[in-house]
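Below are some notes for a colleague reading this entry. Please keep the model open alongside them.

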Amino acid sequence: MIEARHLRVLRAVAATGSFSAAGRELGCTQPAVSQQMKALEASVGTPLLVRSGREMRLTQAGEALVRHAAGILSGLTAAEEEVAAIAGLRAGRVRLVSFPSGSSALVPTALAALRAAHPGTRVSLEEAEPPRSVELLREGDCDIALAFRYERAPAGGSGEAGKAGGAGEAGEGEWDDLVVRPLLTDRLVALVPEGHRLARTGSSGSVAIGDLATEPWIAGCPRCRGQLVQVCENAGFTPRIDFATDDYPAVVGLVGAGLGVAVLPQLAIDSVRPRGARAVTLEPAVRREIVALTLPDLAQVPAVTATLEQLGRAAARH
């Protein structure tokens with residue numbers, strides 16, 4: 001394998017015509033130049049210089065290698081400068097995947113702060129719900145995935161939330177191969193039309209999910225939908241789902257129009273204006289853990305580390 005340091009020595013010998021002069025130009029001894037040239041000739045498997053007394057001339061192979069050396073060395077220099085810029089956060093790219101409410105509530109604040117601190121770092125954003133977002137990370141299609149998992153739905157009448165990992169959710173060991181950066185815990189809240197009998201409960205009180213057993217329901221994303229069914233069944237009823245949509249503003253709009261009730265994460269409600277709808281605290285509490293995930297090797301990349309830090313700061317404001 002040809003080494004860059006050997007190419008630099010060959011160029012100096014070709015330019016000066018001797019080992020001694022090349023050594024003076026490179027700041028090393030004549031024996032060191034001779035050893036490096038022998039190592040280079042051994043690497044390529046053919047002579048590169050013809051020695052005649054104290055003078056040197058290039059063989060045809062030597063001329064070819066010198067001709068290519070300039071491009072190789074300049075390419076290496078450019079690569080070194082680019083890597084140094086990335087390492088110093090003067091450049092770099094981060095591919096971020098987030099679920100919609102994370103995209104609207106956490107990502108803008110984090111990326112604005114990142115751009116202000118490191119304007120050379122570029123971040124792309126794609127939306128995907130877990131588990132797809134986590135699959136994209138493992139497949140190498142993103143560098144950071146914002147994801148969530150619900151706590152186990154509590155049994156009806158109990159105020160204690162179980163450990164994470166309910167049916168269909170990420171279990172305790174599912175992210176063991178990833179670097180997990182906890183961001184915040186997001187509580188589920190009920191959303192009812194403003195004229196609903198429970199709307200007056202407001203922020204000062206709470207309702208049991210069983211109080212909504214006879215209502216028509218508007219369900220959210222597939223994962224949230226599964227969680228809704230699980231929570232309701234634990235409370236002793238199966239929800240009658242009249243509408244289902246992945247679009248949180250659509251859920252809020254349907255509730256505001258009086259077409260049903262919904263259970264949404266607080267973060268989702270914070271990201272929209274719930275016109276015609278009222279958020280009501282649910283008891284027993286059901287929560288989801290929101291995290292930023294990356295691969296262990298990517299966690300060492302400065303731009304990824306800086307993005308994770310800004311996501312943590314954005315989450316701390318909620």
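The points that follow concern one helix pair and then the salt bridges of this predicted model.

1. Helix H2 (residues 19–26) packs against helix H3 (residues 30–44) at an angle of about 105°, their axes lying 8 Å apart, and the two helices are therefore roughly perpendicular to each other. On the H2 side the contact involves Phe19, Ser20, Ala22 and Gly23, which meet Gln30, Val33, Ser34 and Met37 of H3; by class, four of the residues in this contact are nonpolar, four are polar and none is charged.

2. The structure holds eleven salt bridges. One of them joins Glu289 to Arg149, with the closest N and O atoms 3.0 Å apart, and because Glu289 lies in strand S12 (residues 287–294) and Arg149 in strand S5 (residues 144–150), the pair ties together parts that are 140 residues apart in sequence. Glu289 is partly exposed, at a relative accessible area of 24%, whereas Arg149, at 10%, counts as buried.

3. Asp186 and Arg288 also meet through their side chains in a salt bridge, at 3.0 Å from N to O; here Asp186 belongs to strand S6 (residues 179–193) and Arg288 to strand S12, the two being 102 residues apart. Both Asp186 and Arg288 are buried.

4. Glu215 forms a salt bridge with Arg197, the closest N and O atoms being 3.5 Å apart, and this pair connects the loop between strands S7 (206–208) and S8 (216–219), where Glu215 sits, with the loop between S6 and S7, which holds Arg197, 18 residues away. Glu215 is buried at 15% relative accessible area, while Arg197 is partly exposed at 41%.

5. Finally, salt bridges with shared partners join Arg132, Glu135 and Glu139 into one network.

Note on methods:
Residues numbered from 1 in each chain as written. Predicted model: local features only at pLDDT ≥ 70, side-chain atom pairs only at ≥ 80, totals over all residues. Heavy atoms only, no water. Axes fitted to C-alpha atoms, helices over the stretch in contact; angles between N-to-C directions. Helix = DSSP H or I, 4+ residues; strand = E, 2+ residues; numbered from the N terminus. Parallel < 35°, antiparallel > 145°, perpendicular 65-115°, else oblique. Contact = heavy atoms within 4.5 Å. Nonpolar A, V, L, I, M, F, W, Y, C, P; charged D, E, K, R; others polar. Salt bridge = Lys/Arg side-chain N within 4 Å of Asp/Glu carboxyl O. Buried < 20%, exposed > 50% of the residue type's maximum accessible area, 1.4 Å probe, protein only.
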